[in-house]
Amino acid sequence: MSLATPLEQEPPYTVIQVPPTATDEERMQAVGTDLSRYQWVDDREELPPLEIERNRGIIRPLVKAHFSKIFGQVSQPVMLTHIVTTRCNYSCGFCSFADTLNAISDELSLEEIEKTYATMGGNLNTIVYSGGETTLHKNLPEIIEAAYRLTPVKSVYIISNAWKPDVLFQITHRIKQTCPDLHLTWSLSIEGPKEINNQARHTRKEDWDAWQNTIDTMWGIKQMRKRFGYTELDVQLCTVCTPANRHALDDWYLMVRDTLQPDKWNLNLLRKSVQMGNHEMKSWEARRQSGNPEPFEQKYIEITRRVREDVLSGKLKFLYHTQSPGDGAMKSAVDLISQADNRRVIRGEAPSVCCRAGNDGAYIGSNGEVSGCEEFANNPTDNKTFGNLRDYDYNFQAIWNSEAANRFRAQVNKSPECYGCTLESQKNYPSILVSFKHLWEARQLSQQIN
Ligand code: SF4
């Protein structure tokens with residue numbers, strides 16, 4: 001399937017705008033959200049908190065990571081990308097796992113994950129749960145609770161297509177009660193206005209309204225935060241910039257900024273490896289040599305520049321609900337730096353961040369493969385998996401310090417996968433956090449964000 005849609009085939013789409021003074025209720029009505037359809041926005045099962053005392057601060061892991069970097073030692077991961085499943089009820093062509101989605105897999109059980117988390121080391125601060133569709137793993141809440149019990153994790157991101165809003169609401173109620181000092185962010189995938197999103201989703205039922213489910217989930221979580229007084233809870237919308245939606249992204253950005261107002265909006269660039277698998281376009285290398293970015297790459301540059309201007313001028317709210325407003329502004333500043341670096345990569349310039357995958361960033365696949373990043377772990381012709389947890393009795397440290405890990409770690413930044421890499425949570429974020437230069441830049445930017 002090609003997503004390189006010619007201009008004349010671009011589908012029409014609907015843009016919904018509301019006056020700047022509109023209330024949340026008016027905004028919900030404008031986008032067709034009726035939260036009374038869902039049981040678990042207003043209702044919840046009362047649950048006791050897990051009695052766990054842990055230092056979940058970011059300072060200690062960062063200091064240790066900086067020292068390891070300075071002295072050339074192998075770091076313990078600060079950030080983990082954990083693919084809990086590659087099963088999905090949708091089949092989108094731009095997915096990182098488009099080629100292997102729903103292939104028969106033997107994903108790690110809760111018990112196996114618990115054993116692994118117990119050996120993750122003392123630096124882990126952030127986990128990104130991804131898939132496949134994360135909420136299809138029936139033990140997702142228990143997995144998050146295991147991370148909370150067994151590691152010093154502070155911040156958890158769950159990427160979801162929000163196919164069933166009530167499922168996400170129930171998970172939210174549970175995690176916000178059992179893990180009260182965990183910062184939980186839902187990252188909901190949405191590819192633009194309704195017509196474009198629903199065409200991109202490739203759901204089994206033609207009348208399935210994936211867009212409405214995502215929008216309802218976003219509003220539901222925002223309402224739950226108010227009604228139940230949940231702190232450290234965020235919901236962001238995530239859009240992948242592709243040849244199929246780039247023509248609508250200016251309008252979509254305005255709709256997100258002015259009508260939907262999620263806590264945050266992410267624009268991710270279509271992954272290089274997915275581009276080559278599914279698209280009729282020149283290779284990344286050929287595009288860089290010619291100096292001609294694809295139109296969707298140009299659109300990424302334009303929109304992320306606009307995001308930066310709007311965040312710094314206060315037009316776009318980009319503030320996480322973290323323990324303090326300063327923490328939230330720092331996180332937002334890190335996003336702006338990450339997007340600036342991706343713009344450099346698109347232009348063929350050397351990235352300013354030096355990838356720390358395999359040191360401060362770790363990857364665990366659904367079947368137990370450990371690597372530095374998803375590109376290393378899933379390269380079909382030159383696989384760079386450090387080892388499989390099942391072969392090491394679930395001892396993450398044994399894999400992380402193995403001979404294979406050292407060999408592949410030495411290839412970080414130097415492999416073909418690395419040229420053109422724009423993996424935010426695996427390349428950019430861990431690297432920014434262990435760079436004095438970028439932390440200083442983030443601090444300066446954060447003071448302009450309010
Ligand atoms: S640059 Fe990208 S592909 Fe290379 S190791 Fe880092 S995250 Fe992986």
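**Exercise 1.** Which residues of helix 5 are buried?

*Solution.* The model is predicted: local features need pLDDT of at least 70, side-chain atom pairs count only at pLDDT 80 or more, and totals for chains, interfaces and linings use all residues. Residues are numbered from 1 along each chain as its sequence is written.

Step 1. Fix the terms. Helices (H or I, at least four residues) and strands (E, at least two) are DSSP runs, numbered from the N terminus. A residue is buried if 20 or more other C-beta atoms lie within 10 Å of its own, exposed if 12 or fewer, and partly exposed in between, with C-beta atoms placed from the backbone.

Step 2. Apply them. The buried residues of helix 5 are Pro-165, Leu-168, Phe-169, Ile-171, Thr-172, His-173, Ile-175 and Lys-176.

Step 3. Locate what they touch. These buried residues pack against helix 4, strand 3, strand 4 (183–189), helix 7 and strand 5, where contact requires C-beta atoms, placed from the backbone, within 7 Å.

Step 4. Check the length. Helix 5 (residues 165–178) has 14 residues and spans 20 Å from its first C-alpha to its last, close to the 20 Å expected; the expected span is 1.5 Å times one less than the number of residues.

**Exercise 2.** State the strand order of the open sheet and identify its edge strands.

*Solution.* Step 1. The open sheet holds nine strands in the order 6-5-4-3-2-1-7-8-9, and its pairing is mixed. Two strands pair if DSSP finds at least two bridges between them.

Step 2. Strand 6 (264–269) and strand 9 (387–388) each have a single partner strand, so they stand at the edges and one side of each lacks a neighbour in the sheet.

Step 3. Five of the six residues of strand 6 are nevertheless buried, so the rest of the structure largely encloses this strand.

Step 4. Strand 6 pairs with strand 5 in the parallel sense over six bridges. One of the pairs joins Cys-241 to Leu-269 in strand 6. Between these strands the chain passes through helix 8, a right-handed β-α-β crossover; right-handed here says that, with the strands pointing away from the viewer, the path from the first strand over the helix to the second runs clockwise.

**Exercise 3.** Describe the surroundings of strand 2, from its side chains to its partner strands.

*Solution.* Step 1. In strand 2 (residues 126–130), five of five residues are buried. Thr-126, Val-128 and Ser-130 point one way, while Ile-127 and Tyr-129 point the other way.

Step 2. Strand 1 (residues 79–83) pairs with strand 2 in the parallel sense over five bridges. Met-79 has Thr-126 as its bridge partner, and Thr-81 has Val-128.

Step 3. Strand 3 (residues 155–160) pairs with strand 2, also in the parallel sense, over four bridges. Val-128 is bridged to Tyr-157 of strand 3. The chain reaches strand 3 from strand 2 through helix 4 (residues 140–150), and this β-α-β crossover is right-handed.

Step 4. Gly-132 lies in the loop between strand 2 and helix 4. The peptide bond from Gly-131 to Gly-132 is cis, with omega near 25°.

**Exercise 4.** Which positive phi values are found at Glu-232 and Gln-261, and what are the settings of these residues?

*Solution.* Step 1. Glu-232, a residue other than glycine, has phi near 50°. Its place is the loop between helix 7 (210–228) and strand 5 (233–241). Glu-232 has 21 other C-beta atoms within 10 Å and is therefore buried.

Step 2. Gln-261 is not a glycine either, and its phi is about 50°. Gln-261 sits in the loop between helix 8 (249–260) and strand 6. It has 19 C-beta neighbours inside 10 Å, so it counts as partly exposed.

**Exercise 5.** Characterise the shell around the ligand by its nearest residues, its classes and its helices.

*Solution.* Step 1. Of the 15 residues around the ligand, the nearest are Cys-355, Cys-373, Cys-418, Cys-421 and Lys-427. A residue is near if its C-beta atom, placed from the backbone, lies within 6 Å.

Step 2. The shell has eight nonpolar, four polar and three charged residues. Ala, Val, Leu, Ile, Met, Phe, Trp, Tyr, Cys and Pro count as nonpolar, Asp, Glu, Lys and Arg as charged, and the others, Gly among them, as polar.

Step 3. Helix 13 (374–377) and helix 16 (424–433) each supply at least two residues of the shell.

Technical notes: Contact = placed C-beta atoms within 7 Å.
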